[in-house]
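Student: Could you take me on a close look at one helix packing in this model, and then show me how it sits in the rest of the chain?

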Amino acid sequence: MTEPTTQKEATLAAIAAAHTLDALEELRVAALGKKGWVSLALKTLGAMPPEERQQAAPAIQAIRAEVTDALTARKNALEAAELEAQLANERLDLTLPAPEAARGSVHPVSQVMDELAEIFADMGFAVATGPEIEDDWHNFTALNMDESHPARAMHDTFYFPDGHGEGAAASSSEAVGPKGRMLLRTHTSPVQIRSMVAQGAPIRIIAPGRVYRSDSDATHTPMFHQVEGLVIDRDIHLGHLKWTLETFLKAFFERDDIVLRLRPSYFPFTEPSVEVDVGFEVVDGRRVLGGDGDAPGHGWMELLGSGMVNRRVIEFAGLDPDEWQGFAFGVGVDRLAMLKYGMDDLRAFFDGDVRWLNQYGFSHLDQPTLSAGVGARS
């Protein structure tokens, strides 16, 4: 045991004199590593007679424990000294702002949805929702679209195979008519029917949400977003409709010079029906809404469809059209976002390109309010 004892004394002295963690690690490997002198001494125990092993083993284990404790104590001392030196030499300016952490942004569609809800809430409208997987009755029949209407064609509408999607529509359809085939809703108008059936009249709602049509180009996608409005009450007329749309568009585009032009049109669910045009001018190659479309340098842009709710639709919803009447309108949320915030290609809304989202996305702090303006950008 003379040799391990001598090596122990030398190792303990070297440990006490070590000034760096790297030097201490070299001493640890030399003593306790796979080929260290303590490890080699332990391996000799297997070849010793039992009596000799009983005497040598405790001594070697004691040496190993003593070396291990010395290494741990010296390591703690060196680390503490290193930390003290670092604290003494480094300075942190607590007046500097913290680095901004990477975070996501609010999608323009979500931002515009919030803006719409804020504006219409100020006019007394509630937000209504409904299933995106609809039945034929709510999506077409209850909206006065007959069996030969082009919108019912397979090339315009995404139908489910027979027997699929039946559990997705609300059970209220059982009470008012047969379900028919299941499909992805082509507009949010079924929400109007479901709301009238469930709530009766009077009613004043907007129905924002995703809709689906078989169409795809720079200004159309198979899935897009739409908001529709419905007012059912007594003595409602087109003047109420025009005031509502004019008030909404002035608040949304944050301009007082919005001018509307109503043109006669046809929709099966409204009678009379009107297309709503908005005056605009071209500024730096971009259409900017505002001004009289008949003024020099201006023009008219078709923006949305609307009209007085057809008597048959009111009847389908279980209301008396001789007592109740109202108006409805619908506009694409994505298109509103494109016009207000200067976006050119609708397909970019759904590409998930982080660069595009960084350019057009909104901070989560940009909450729409009427008092501070509903848009975060002009």
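Tutor: Sure, let's start with helix 5 and helix 11, which are roughly perpendicular to each other, since their angle falls in the 65 to 115 degree range. This is a predicted model, so treat everything here as computed from it. The angle itself comes out at about 100 degrees, and the two axes are 9 Å apart. Helix 5 covers residues 108-122, helix 11 residues 333-341. From helix 5, the contact is made by V109, V112, M113, E115 and L116; helix 11 answers with V333, D334, L336, A337, K340 and Y341. Sorted by character, the residues of this contact are eight nonpolar and three charged, with no polar ones.

One of the residues in that contact deserves a stop: E115 of helix 5. E115 has a relative accessible area of 0%, so this glutamate counts as buried. Leaving out residues up to four places away in sequence, E115 touches K340 and Y341, and also F252, P368, V374 and G375.

Follow that list to P368, which sits in the segment after helix 12 (354-360). P368 is also buried, because its relative accessibility is 8%, and the cut-off for buried is under 20%. Beyond its neighbours within four places in sequence, P368 contacts Q111, D114, E115 and E118, plus V374. The C-alpha atoms of P368 and V112 are separated by 8.7 Å, although the two residues are 256 apart along the chain.

For contrast, try the packing of helix 2 (residues 21-32) with helix 4 (residues 50-89). Here the angle is about 170 degrees and the axes are 10 Å apart, so the pair is roughly antiparallel. Helix 2 brings L21, L24, R28, A31 and L32 to the contact, while helix 4 supplies R64, V67, T68, L71, R74, K75, L78, E79 and E82. That contact divides into seven nonpolar residues, one polar and six charged.

On the strand side, strand 7 (residues 270-283) and strand 8 (residues 286-289) run antiparallel and are joined by four bridges. F280 stands opposite L289 of strand 8. The two strands form a hairpin with two residues between them, and D284 in the turn has a positive phi of about 55 degrees. Strand 7 also holds P272, and the peptide bond joining E271 to P272 is cis, with omega about 0 degrees.

There's another cis bond to check, from A201 to P202, where omega is near 0 degrees. P202 lies in the loop between helix 8 (189-199) and strand 4 (203-212). Positive phi turns up in loops too: N144, between helix 6 (136-139) and helix 7 (173-176), has phi near 65 degrees. D235 has phi near 60 degrees and is found in the loop between strand 5 (223-233) and helix 9 (238-253). With a relative accessible area of 65%, D235 is exposed. These spots are worth a look because most residues other than glycine have a negative phi, and most peptide bonds are trans.

Now zoom out. The protein has 12 helices and 10 strands. Its radius of gyration is 38 Å, well over the 21 Å that the globule rule gives for 378 residues, so the protein is more spread out than a compact globule. Along the principal axes, the C-alpha atoms fill a box of roughly 115 × 55 × 35 Å. Buried residues make up 40% of the 378. Among contacts between residues at least 6 apart in sequence, 67% join residues at least 24 apart.

How values were computed:
Residues numbered from 1 in each chain as written. Predicted model: local features only at pLDDT ≥ 70, side-chain atom pairs only at ≥ 80, totals over all residues. Heavy atoms only, no water. Axes fitted to C-alpha atoms, helices over the stretch in contact; angles between N-to-C directions. Parallel < 35°, antiparallel > 145°, perpendicular 65-115°, else oblique. Contact = heavy atoms within 4.5 Å. Nonpolar A, V, L, I, M, F, W, Y, C, P; charged D, E, K, R; others polar. Pairing = 2+ DSSP bridges. Buried < 20%, exposed > 50% of the residue type's maximum accessible area, 1.4 Å probe, protein only. Rg over C-alpha atoms; globule rule 2.2 N^0.38 Å.
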